[in-house]
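The following exercises concern the arrangement of chains and the contacts between them. Each task is followed by a worked solution.

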Amino acid sequence: MAVAKSSRRKREEEVTKFVDRPGRTRKRALPWQRWIDAELGFRNYWYPAALSRQLTEGGCRPVTLLGEELLLVRNGGRLYAIEDRCAHRGVRFSKRPLFYTPHTITCWYHTFTYNLDDGKLRCVLNEPGCPLAGKLGVRTYPIEERKGLVFVFVGDIDPPPLKCDTPPGFLDDDLAIHCAEPFEVKANWRLACENGFDPGHHFIHNWSPMVVGTDYPITMGYVSKPERRREAMEFSLDEPGPKGFERKSESWEMIFDSTIPARGAEPAVKVTVPGAQGKTPEQLQAMVSAAVATSVGLWLPCGLRVAGFPTPDITHYEWYVPKDENTHLYFQCGARRAESEEARERWISQEGHAAWEIPAVQGFTTEDRFAREGLQTFYGHEDGWHREHLYGPDVEIVLWRKFASEQARGVQPRNGARSGAP
Amino acid sequence: MAVAKSSRRKREEEVTKFVDRPGRTRKRALPWQRWIDAELGFRNYWYPAALSRQLTEGGCRPVTLLGEELLLVRNGGRLYAIEDRCAHRGVRFSKRPLFYTPHTITCWYHTFTYNLDDGKLRCVLNEPGCPLAGKLGVRTYPIEERKGLVFVFVGDIDPPPLKCDTPPGFLDDDLAIHCAEPFEVKANWRLACENGFDPGHHFIHNWSPMVVGTDYPITMGYVSKPERRREAMEFSLDEPGPKGFERKSESWEMIFDSTIPARGAEPAVKVTVPGAQGKTPEQLQAMVSAAVATSVGLWLPCGLRVAGFPTPDITHYEWYVPKDENTHLYFQCGARRAESEEARERWISQEGHAAWEIPAVQGFTTEDRFAREGLQTFYGHEDGWHREHLYGPDVEIVLWRKFASEQARGVQPRNGARSGAP
Amino acid sequence: MAVAKSSRRKREEEVTKFVDRPGRTRKRALPWQRWIDAELGFRNYWYPAALSRQLTEGGCRPVTLLGEELLLVRNGGRLYAIEDRCAHRGVRFSKRPLFYTPHTITCWYHTFTYNLDDGKLRCVLNEPGCPLAGKLGVRTYPIEERKGLVFVFVGDIDPPPLKCDTPPGFLDDDLAIHCAEPFEVKANWRLACENGFDPGHHFIHNWSPMVVGTDYPITMGYVSKPERRREAMEFSLDEPGPKGFERKSESWEMIFDSTIPARGAEPAVKVTVPGAQGKTPEQLQAMVSAAVATSVGLWLPCGLRVAGFPTPDITHYEWYVPKDENTHLYFQCGARRAESEEARERWISQEGHAAWEIPAVQGFTTEDRFAREGLQTFYGHEDGWHREHLYGPDVEIVLWRKFASEQARGVQPRNGARSGAP
């Protein structure tokens, strides 16, 4: 059930006082403190941890999620996620992984042998009858494989259905998913969330290869008019569905040019984005119309959906998975409805590559990566969370911060995160 | 007006008690505490920030001075220095600099557009009418270009004339200046000041390429005799001229050989510097006479002048500009009087390269760089300021420390320096 | 005199309560606190610092021992070890070492000249009559050369005979020593001690090149049976001989195979080490018999002796010399009795290389290095000393920890270690 309009109005009023203020924000006053605290991510959520194709039968893969080191294993047709640290003396299993049975992992150092499913110590090969067997153990993580992605639950509660923690529609049966190779970005995961949803960030895409020299309508920013913003944003709080919100492009104001005002003897100067130069208003309108079906939504814990991108029939999904304080793993998927198994296969193998990955991944989100890394110094080292000066369009960002602070199931603790336990 | 002799005597008496003491110096006792505090430099001074030729029309250049990141811009024939950090969300303009008018800079992320001269927010291209315009701003810095160098004032007061902050004579109309390419040295800037002025450091230049195999008179150290030191050092406190002091070589004792005393069965051993080996006293005296006009002076904030180096008609200038705690930018210039515009051009283009840069920069100060970097571990990481054991010739260094501590207009704070504000 | 049996029983009872406990160890309860504190090594011991062949006449070599930087010098046929830091302004002598006499070192910066034997300032070449002479000084270290190794004493007491600080027999006149090139390992030195003596670590050597495809008997671990452990371990506390203890292989239980127990529908699985696969019990027994004379001993401060390795006539010695918190220098030597000078020479030049260095250094201890580096993250950054969960065979490790904590002459302090003084 979406949030009622009155609630939305109140919600917006609570945050608008934090934008358009030239002075420094006091540290205590922020109603999104949990967002500031969540440097290592939100706890008690499902996260994509690897692609299915990165884990072949009998293989394993070490990953770091929210500061926790774990080992993904595919063995005997099953998937496991286990703390990558022997309970005995802390060495990483992944340095020399040994699987003497399909259901166990043996430490390369002192033969401690653990169940892959519950992490309990089954036995120690060189100490038969070791009294620690069945008592000692390592942490294990719920794991699920869907749509070519391997999801892991990082938390302490009974995991809710995966559907609650993925953007709407992603798990739909008729949706074919093409996955790009994930990679690390040197920026905190929250900066990626904010950049992805930011209505004012559109300007950076004037330098995206996909846009340069084409008719793809890139603007100064696709800012919602304040009086229409409330209608444009839709909060999703449905139980048990995913929690997030979405902005539809019908209400956007597409700004292709703007004027730097005169000052003294300096004349006013009109600035037009490169792609709009030399175009008539009618041509610009046609460009916009072609892209009008787009909507952008951000869902807990860290998933973005852009419907109608790069073309109306395609939906772009991405996740910013926290690795540590300074790094996130960037997953990107392109989705299209597939009516048959053959259509699905074609999308996963060839068509998704040509129609989505080349324009969107190789040609567009490169600039988002650039922008996130550009934010990292200020927010990671210069107390940006309290020194920033937000402007009007940032209302949508602080709405998200407040929403996430209220709704998040938990905040990953900074101390002890590397211990594999909260 | 130079300091009176009685004042100089008192000044020297106050510091001599800190040399020739084998015990550890107590932390509280030092009369040059501001020097110890000035890890990031002295605030409220002009500093060379770049060479003129490094900033072409329409270009820009990020530099870090005293821990502050700023962007130098040359546009429309004017120079600007502006904080390299957008007031909105802290990204660096220099990552993708945009100049839509000759008087403004636009942030590549959200189109915040600032005046280059006063740093005020002129407008936001994608939010016409943004109420932050005219209120929000970034820091700007006074900037001046002279003699092929671009100077920037880092501070909070009305900047005094540039003449006050450069060694005497540097701005003289008839002085032609040849600038070497500046480079970073991995040592704190104060260690460079002390090395440059240090009368005992001459010994390192026995390994300078310019000296090896030539008759250039390099010594064990050109130590002033204590009884003559007071006369040799001249303090300059003239208002509004530069503040510093200078040592003239007439009073130096040039030490070409020395003896390691005997001990038990070990005989005394005479040590002669390489360049003096096999030379008669008359030959040595001739070498010294050829170099006798040299004088060395150090001026606030961090400029050194060596008159008569490497030849009597040339003056060597250098600056040790603080970048951060561990690094300074090393500027070197060679100067000669030029009677005509043609003579000036010849010096700047060809003659200065051959007569000054090759011997002095490529062949001599290489060893100074080596020495400064050699000091960095002790002073940067091992509390050298309180563990050092100074000897007689260091009186001239501690005179400088005390002088600088008393005269400096301000100390750059360690916290907040990166904020672009004091 | 070895420790009496009753004492050994008591000693073991005191530590066994710390193994086989699934819960976390309380921080205060550990009877080996000095071991935990000795991150930078045990003070007041002799350590190998270099090989003889690494120091040629007239040469020098900077080394870091227990966090202290020092310079080894061989001059006039004598060896010296001197703090590598001028007392004046802290530069390292080793950046440009100057030896104007065979008994002194002169700093390259300001000509401070020190006696190599006692570190006292003999003179300053450019300040004749400097009053600091004879008063100021740098630290010097006792140094001794034996068997191709250069040993340095790091401490404040009168050094005991070198014999007290080397494993038994190493200095025997008839023992020929072949030294491998030492190298740095990225692990704290204590982890190396524990790995070397650890009865459960044998499993890692199933991947040692020397073992793969040969009949060398490698096991799951050569665990002493608890009821026989007391007899197997012999403590050496003889005055003035070396302090340590040794385990003889006659009492070992060689475990070639083991079983992972069944669980639910999962059957039990027998695991056999690679080298034992396809062999009859008789063949395995023959393999063991061939290796039965082995004994392993660990001596303060950090020396290991393996008698009968890799063949019965050879003794393997190694040291884990602390460099800093995260690094030790790994020395390895192969020893054999030599009846004549010719036999000694052959062993040092050719035979030791073929019979010991190729199998033991290139083919076996590579896996020990791998294991030590695998421990470093947990013990260096994750509080492993309090989070580890020890099992039965670790009794021998904690016996050592407690023994070393009781017997060590001193613990290197963490603060001030870099100062060259305790």
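A salt bridge is counted here where a side-chain nitrogen of Lys or Arg lies within 4 Å of a carboxyl oxygen of Asp or Glu. The model is a predicted one.

**Exercise 1.** Determine how many salt bridges link chain C and chain B, and locate one of them.

*Solution.* Applying the criterion between chain C and chain B gives a count of seven salt bridges. One of them joins the side chains of C:Arg96 and B:Glu367, with an N to O distance of 2.6 Å. Because the cut-off is 4 Å, this pair at 2.6 Å qualifies. Polar contacts are counted separately: 17 residue pairs, both at pLDDT 80 or more, are found between chain C and chain B. On the side of chain C that touches chain B, the elements giving two or more residues are strand S5 (104–106), strand S6 (112–115) and strand S7 (121–124) of chain C. By class, that side has 16 nonpolar, twelve polar and twelve charged residues.

**Exercise 2.** Which three residues of chain C supply the most of the area that chain C buries against chain B?

*Solution.* The size of an interface is often expressed as the accessible area that is lost when the parts come together. For chain C and chain B this buried area is about 3400 Å², with 60% given by carbon and sulfur atoms. Within the share of chain C, 23% comes from C:Arg89, C:Arg96 and C:Tyr109, more than from any other three residues. The contact draws 40 residues from chain C and 44 residues from chain B.

**Exercise 3.** Describe the contact of chain A with chain C by its residues and salt bridges.

*Solution.* Chain A contributes 40 residues and chain C contributes 44 residues. In chain A, the residues A:Arg89, A:Arg96 and A:Tyr109 supply 23% of the area buried against chain C, more than any other three. Seven salt bridges cross this interface; C:Arg263 and A:Asp118 meet in a salt bridge at 3.6 Å, N to O.

**Exercise 4.** What rotation superposes chain A on chain C, and what symmetry follows?

*Solution.* A rotation of 120 degrees, with 0.0 Å of shift along its axis, lays chain A on chain C at an RMSD of 0.0 Å. The two copies are therefore related as by a three-fold rotation axis. The residue of chain A that comes closest to this axis is A:His381, whose C-alpha is 13 Å away. Chain C is likewise laid on chain B by a turn of 120 degrees and a shift of 0.0 Å, with an RMSD of 0.0 Å.

Conventions: Residues numbered from 1 in each chain as written. Chains lettered and ligands numbered in written order. Predicted model: local features only at pLDDT ≥ 70, side-chain atom pairs only at ≥ 80, totals over all residues. Heavy atoms only, no water. Least-squares fit on C-alpha atoms with pLDDT ≥ 70 in both. Contact = heavy atoms within 4.5 Å. Buried area = accessible area lost by both parts, 1.4 Å probe. Polar contact = N/O pair within 3.5 Å; in protein donor to acceptor, adjacent residues only side chain to side chain. Helix = DSSP H or I, 4+ residues; strand = E, 2+ residues; numbered from the N terminus. Nonpolar A, V, L, I, M, F, W, Y, C, P; charged D, E, K, R; others polar.
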